[in-house]
Amino acid sequence: MASDPKARLADAYRTALAKEAPEHADFEVAFEKPRQPEHGDFACSIALQLAKRLKRNPRQLAEALTSAALANYPDFKQDFLGYEIAGPGFINFRLNPALKLAALRHALEPGWGRARKEKPESVQLEFVSANPTGPLHVGHGRQAAIGDALASLIESQGDKVTREFYYNDAGAQIQNLALSVQSRRRGLKPGDAGWPQDGYAGEYIQDIADAYGGTDDLDSIRRFAVDYLRKEQDIDLREFGVRFDVYYLESSLYSDGKVEEVVKALVASGKTYVKDGALWLRTTEYGDDKDRVVRKSDGTYTYFVPDVAYHLTKWRRGFRKVINIQGTDHMGTTARVRAGLQALDAGIPAGYPDYVMHSMVRVMRGGEEVKISKRAGSYVTLRDLLDWVGRDAVRFFLLSRRADADFVFDVDLARAQTDENPVYYVQYAHARVCSVFSKTDSRDFANAQLSLLTNERELALAQRIGEFPGVVAEAARELSPHSITFYLRSLAAEFHSYYNAERILVDDEALRAARLALCAAVRQTLASGLSLIGVSAPEKM
RNA sequence: GCGCCCGUAGCUCAGCGGAUCAGAGUAUUGGCCUCCGAAGCCAAGGGUCGUGGGUUCGAAUCCCGCCGGGCGCGCCA
């Protein structure tokens, strides 16, 4: 039996549908929450949707389906006050208030908002994956925030997540890094005669040059610089509260022969050809825009090959669900990687891996767009953001928009500690509810009579709390962590509103206990939600 | 030019497997602290959901055209 009344209702309708209209048995029975309370707690428009196909009057169909459904739902009278057919054929349901309150008990149990799975899936999540050629930029920050929240969300649904960071530590850009540091050591500056063509101009190159104590040997400089920058990125990520389970080095794909192996497999597949001295793969056969070069005419491989090799290791390591989080500037790679994996003929499905693409972040400060930072040169760093507004605000802000929406980060708004800042709004709600508990001894609200909670705000709050597990589940399923921040804001709003309207610590002991139970549920839900997105839940501010 | 994404209140954005979907925050204006935290609450004003068609009993939501913006279209990574 489904766990909540909405799902039980949906089940009942599905069963009814199978009898009444078998040809539409697989119809998705959805319930919405009406904006206007007088329309009840759930509304269903199935009759309107099916009326035409069945050539029946929507209101009559609603009535017929509903009576058939309720015949499959013996506990309906316990769960609901009743239903009504409204307007052109909506079916509105009114929940039994006691049921809304029951959610509060669940909210006080361990694991609130989490789901269990019989067979947990192993999910691999790759994000940030910054080249070790400079400090992390704000886009990496967005990825880190999204990826980490997504990992928490997926774990909350009972699956296992491996958080992985892929370092492109081989190839031309690393060579540029080494040359840039070497040039700085020799006293050259960007733009000087002899400065490398695609050298890195940021001031951090000078820092590395100053810190380096070895010889002028380029290999040695390269190793030092990569190591230096990886450490620096690690420090930023640690401060951001993001950790990884696996750091995968591109260079290892070369040293252990995986790149060679992939090239051989591609050639063996018969999908390659030689043109202009280069080896090409017919990725167009797998939906790519144009064929891709595998081996350049100079004998070296394009980055496409290690990319495919890397994703092959994900498959071989047993990950059947793989999600890559990338900026839209890597849009082109998705079709290519998928096509490459297809060409291997290794039984990898066509849509593998999944991608979450996020668009760019612009940073506004003092009414102007900030485009550069001293240290990195041409871009604003994650470190800049952390220094300006702190971890919680950076996390919350970067998660307050859909991933594929352009995002303007308003530094001044995030810095505001006094009023208009949404991060503090939610955190303040948590601190406020905590403060109630610091002012009372009556902590024994476990046996509180929840039925004493009868006013509208209390029922609304209880219902909002009850929605939490569903919100979390959907955010995990849709890969949309931003919906957690929106949920938290509405929950905080409802709590603030309640707090201003009613006194929690009333003289009546029974009522006080009931209200404390409600507050405890609010506290738990706020804390759980904030924890999912990696934002702290302070008890005092 | 081609592909993907995006145009919703002054600003930043939710909603987009159609209906009960014109929303939030912020900004503006006016109220609320002898009483659990005013980092809060209550209220008002503010939008032809880029635009033109189409499908539908019904479209911000689905389809097509157009306009505007982003990203990508290397033997770079």
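**Exercise 1. In this predicted model, which elements cover the buried residues of α11?**

Solution. Begin with the helix itself: α11 takes in residues 258–269, 12 in number. Its buried residues are Val 259, Val 262 and Leu 266. A residue is counted as buried when 20 or more other C-beta atoms lie within 10 Å of its own. The cover over these residues includes the helices α10 (250–255), α12 (304–316) and α13 (331–343). It also includes the strands β8 (272–275), β9 (278–281) and β10 (292–295).

**Exercise 2. Explain why the buried residues of α11 are on the same side of the helix, and state which residues are exposed on the other side.**

Solution. Step one is the helical repeat: with 3.6 residues a turn, residues three or four places apart in an α-helix point the same way. Step two is the list of buried positions, Val 259, Val 262 and Leu 266. These residues cover an arc of only 60° around the axis, which places them on the same side of α11. Step three is the other side, where Lys 264 and Ala 268 are exposed.

**Exercise 3. Compare the span of α11 with the expected value, and describe the backbone just after the helix.**

Solution. From first C-alpha to last, α11 reaches 16 Å, close to the 16 Å expected at 1.5 Å a residue. Just after α11 comes Gly 270, with a positive phi of about 80°.

**Exercise 4. Describe the sheet that contains β8, β9 and β10, and place α11 relative to these strands.**

Solution. First, the order: three strands make an open sheet, arranged β8-β9-β10, with antiparallel pairing. Second, the edges: β8 and β10 each have a single partner strand, so one side of each has no neighbour in the sheet. Third, the twist, which averages 45° from one strand to the next. Fourth, the pairing of β8 with β9: four bridges join these antiparallel strands, and Thr 272 stands opposite Leu 281 in β9. Last, the helix: α11 lies across β8, β9 and β10 and runs at about 120° to β10.

**Exercise 5. How many helices and strands does chain A have, and what share of its residues is buried?**

Solution. Chain A has 20 helices and 15 strands. Of its 541 residues, 41% count as buried. For the dimensions, the C-alpha trace spans about 80 × 60 × 40 Å along its principal axes. For the contacts, take those between residues at least 6 apart in sequence: 73% of them join residues at least 24 apart.

Technical notes: Residues are numbered from 1 along each chain as its sequence is written. Chains are lettered from A and ligands numbered from 1 in the order in which they are written. This is a predicted model: local features need pLDDT of at least 70, side-chain atom pairs count only at pLDDT 80 or more; totals for chains, interfaces and linings use all residues. Helices (H or I, at least four residues) and strands (E, at least two) are DSSP runs, numbered from the N terminus. The expected span of a helix is 1.5 Å times one less than its number of residues. A residue is buried if 20 or more other C-beta atoms lie within 10 Å of its own, exposed if 12 or fewer, and partly exposed in between; C-beta atoms are placed from the backbone. The arc is that of the directions from the helix axis to the C-beta atoms. Two residues are in contact if their C-beta atoms, placed from the backbone, lie within 7 Å. Two strands pair if DSSP finds at least two bridges between them. Axes are lines fitted to C-alpha atoms, for helices over the stretch in contact, and angles run from 0 to 180 degrees between N-to-C directions.
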